[in-house]
Amino acid sequence: MVLTGQLTIPKPQQPTLRHPASAAPLPAEVELILSAIETGRHGYRERRSIARAVYRVQASLRLFSDQPNTPPATLYTRDVNQRGLGFITKTRLALGHGGLLDITLPDGRDCTIACTLLRCREATPEWFEGSVYFNRQQLDFAV
């Protein structure tokens with residue numbers, strides 16, 4: 001909440017997508033890091049043209065540049081819209097590389113989405129925060 005003189009203005013809430021019933025709860029360490037990132041955004045002016053919704057599930061990402069037999073990176077999603085998603089991971093990922101994201105949709109279906117890695121930077125020791133851009137809009141994630 002923001003106080004302005006005697007007028008109280010509520011802080012806008014980020015929408016939340018319904019999580020699939022089949023989604024396992026995220027590890028406590030992951031929830032702690034995601035909460036810390038969200039808290040750190042207090043007062044942040046959103047510049048995205050399309051809003052993102054909170055969506056927290058485990059996903060995996062295989063980059064086309066990965067060596068054969070390299071296991072996919074485990075991602076824990078933060079937020080999503082029809083054009084991309086934010087995540088945290090323990091794996092440093094190569095910026096600008098394309099890949100395939102395996103994720104559970106809000107309706108519980110599993111889906112593979114072609115995407116491009118836009119950002120991957122250290123958030124805490126051993127954890128990285130990043131985002132991917134979907135190569136085609138994913139209307140299942142429309143906010």
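The accessible surface of the protein chain in this predicted model comes to about 8,700 Å². Carbon and sulfur atoms account for 53% of that surface. The chain has 143 residues, and 38% of them are buried.

**Fold of the chain**

The protein chain contains one helix and nine strands. Their order along the sequence is β-β-α-β-β-β-β-β-β-β, so two strands come before the helix under the numbering of elements from the N terminus. Contacts in the chain often span long stretches of sequence: among those between residues at least 6 apart, 62% join residues at least 24 apart.

**Nonpolar cores**

In soluble globular proteins, nonpolar side chains tend to be buried together. The largest nonpolar core here has 25 residues. Leu 93, Leu 101, Ile 103, Phe 134 and Phe 141 are the members that touch the most others. Strands β4, β5, β6, β7, β8 and β9 each give two or more residues to this core. The greatest share comes from β8 (110–124), with five residues.

Leu 101 shows what the surroundings of one such member look like. Leaving aside residues up to four places away in sequence, Leu 101 touches Ala 59, Ser 60, Leu 61, Leu 75, Leu 85, Cys 111, Thr 112, Ile 113, Cys 115 and Phe 134. A second core is separate and has eight residues, among them Leu 26, Ile 33, Ile 37 and Trp 127.

Cys 111, one of the contacts of Leu 101, counts as buried because its relative accessibility is 17%, under the 20% limit. Cys 120 is also buried, with a relative accessible area of 9%. The structure holds zero disulfides.

**Salt bridges**

Side chains of opposite charge can pair when their charged atoms come close. The count of salt bridges in this structure is 10. Three of them are listed below.

| Salt bridge | Closest N to O distance |
|---|---|
| Asp 79 and Arg 52 | 3.1 Å |
| Arg 62 and Asp 102 | 2.9 Å |
| Arg 78 and Glu 129 | 3.0 Å |

How far apart in sequence are Asp 79 and Arg 52, which meet in a salt bridge? The two residues are 27 residues apart, with Asp 79 in strand β5 and Arg 52 in the loop between α1 (28–40) and β3 (53–54). Asp 79 counts as buried because its relative accessibility is 2%. Arg 52 also counts as buried, at 10% relative accessibility.

The side chains of Arg 62 and Asp 102 form another salt bridge. This pair links strand β4 (residues 58–63), where Arg 62 lies, with strand β7 (residues 98–104), where Asp 102 lies, and the two are 40 residues apart. Both partners are partly exposed: Arg 62 has a relative accessibility of 34%, and Asp 102 has one of 24%.

The third pair in the table is Arg 78 and Glu 129. Arg 78 lies in strand β5 and Glu 129 in strand β9 (residues 127–134), so their salt bridge ties together parts that are 51 residues apart in sequence. Both Arg 78 and Glu 129 are buried. Salt bridges also join these two residues with Glu 38, Arg 119 and Arg 121 in a network.

**Around Glu 129**

Is Glu 129 in strand β9 buried or exposed? Glu 129 counts as buried because its relative accessibility is 6%. Its side chain makes a polar contact with the side chain of Arg 78, at 3.0 Å.

Not counting residues up to four places away in sequence, Glu 129 touches Ile 37, Arg 78, Phe 87, Ile 88, Arg 119, Cys 120, Arg 121 and Ala 123. Two of these contacts have appeared above: Ile 37 belongs to the second nonpolar core, and Cys 120 is buried. Thr 91 is 38 residues from Glu 129 in sequence, and their C-alpha atoms are 9.7 Å apart.

**Around Gln 82**

Gln 82 lies in the loop between β5 (73–81) and β6 (84–89). Although placed in a loop, Gln 82 counts as buried, because its relative accessibility is 14%. Which residues does Gln 82 touch, not counting those up to four places away in sequence? They are Ile 50, Phe 134, Arg 136, Gln 137, Gln 138, Leu 139, Phe 141, Ala 142 and Val 143. Phe 134 and Phe 141 in this list are also members of the largest nonpolar core.

How values were computed
Residues numbered from 1 in each chain as written. Predicted model: local features only at pLDDT ≥ 70, side-chain atom pairs only at ≥ 80, totals over all residues. Heavy atoms only, no water. Helix = DSSP H or I, 4+ residues; strand = E, 2+ residues; numbered from the N terminus. Buried < 20%, exposed > 50% of the residue type's maximum accessible area, 1.4 Å probe, protein only. Contact = heavy atoms within 4.5 Å. Areas by Shrake-Rupley, 256 points an atom, 1.4 Å probe, with all protein chains shown as cover. Disulfide = S-S within 2.5 Å. Salt bridge = Lys/Arg side-chain N within 4 Å of Asp/Glu carboxyl O. Core = buried A, V, L, I, M, F, W, Y, C linked by side-chain atoms within 4.5 Å. Polar contact = N/O pair within 3.5 Å; in protein donor to acceptor, adjacent residues only side chain to side chain.
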